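Dear colleague,

I am handing over the structure below, and I would be glad if you kept it open while reading the notes that follow it.

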Amino acid sequence: MSVDLELDCRGQRCPMPVIELGRRIEDVDVGQTVGVVTEDVAARHDVPAWCRMRRQEWVGEDAADDGVPRFVVRRLA
């Protein structure tokens with residue numbers, strides 16, 4: 001899956017990856033995607049919850065080139 005913006009949040013613990021996502025989501029246009037790369041297992045729940053609260057689309061999870069989980073969000077507004 002390709003993304004329009006990838007945030008390297010490796011080594012960060014939640015809530016930092018979600019805070020970074022909130023800070024950077026407006027760096028992409030509506031309809032584009034942001035990938036949050038983090039090995040923090042809490043992101044698996046926190047990123048979809050953030051999408052529900054912020055009314056953004058949770059696209060899903062895949063992996064970065066090095067195998068670290070990547071959580072993908074589409075900007076809706």
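In this predicted model, a polar atom of the threonine 38 side chain lies 3.1 Å from the backbone nitrogen of aspartate 40. Threonine 38 belongs to the loop that runs between strand E2 (33-37) and helix H2 (43-54), and its relative accessible area is 0%, which means that threonine 38 counts as buried, the limit being under 20%. Apart from its neighbours within four places in sequence, threonine 38 is in contact with Cys9, Arg10, Gln12, Pro17, Ala43, Val68, Pro69 and Phe71.

Turning to the sheet, there are 4 strands in an open arrangement, with the order E1-E2-E4-E3 and mixed pairing. Strand E1 (5-8) and strand E3 (57-63) are the edge strands, each of them pairing on one side only, and from one strand to the next the twist averages 20°. E3 and strand E4 (residues 69-74) run antiparallel and are joined by 6 bridges; phenylalanine 71 in E4, which is among the contacts of threonine 38, stands opposite glutamate 61.

Two helices can be described against this sheet. Helix H1 (residues 16-24) packs on the sheet and touches E1, E2 and E4, with a direction that makes about 145° with that of E1. H2 also packs on the sheet, where H2 touches E3 and E4, and the direction of H2 makes about 5° with that of E4.

With best regards

Methods. Residues are numbered from 1 along each chain as its sequence is written. This is a predicted model: local features need pLDDT of at least 70, side-chain atom pairs count only at pLDDT 80 or more; totals for chains, interfaces and linings use all residues. Side-chain values use heavy atoms; hydrogens and water are left out. Helices (H or I, at least four residues) and strands (E, at least two) are DSSP runs, numbered from the N terminus. Buried means under 20% relative accessible area, exposed over 50%, partly exposed in between (1.4 Å probe, protein chains only). A polar contact is a pair of N or O atoms within 3.5 Å; within protein, one must be able to donate a hydrogen and the other to accept it, and residues adjacent in sequence count only if both atoms are side-chain atoms. Contact means heavy atoms within 4.5 Å. Two strands pair if DSSP finds at least two bridges between them. Axes are lines fitted to C-alpha atoms, for helices over the stretch in contact, and angles run from 0 to 180 degrees between N-to-C directions.
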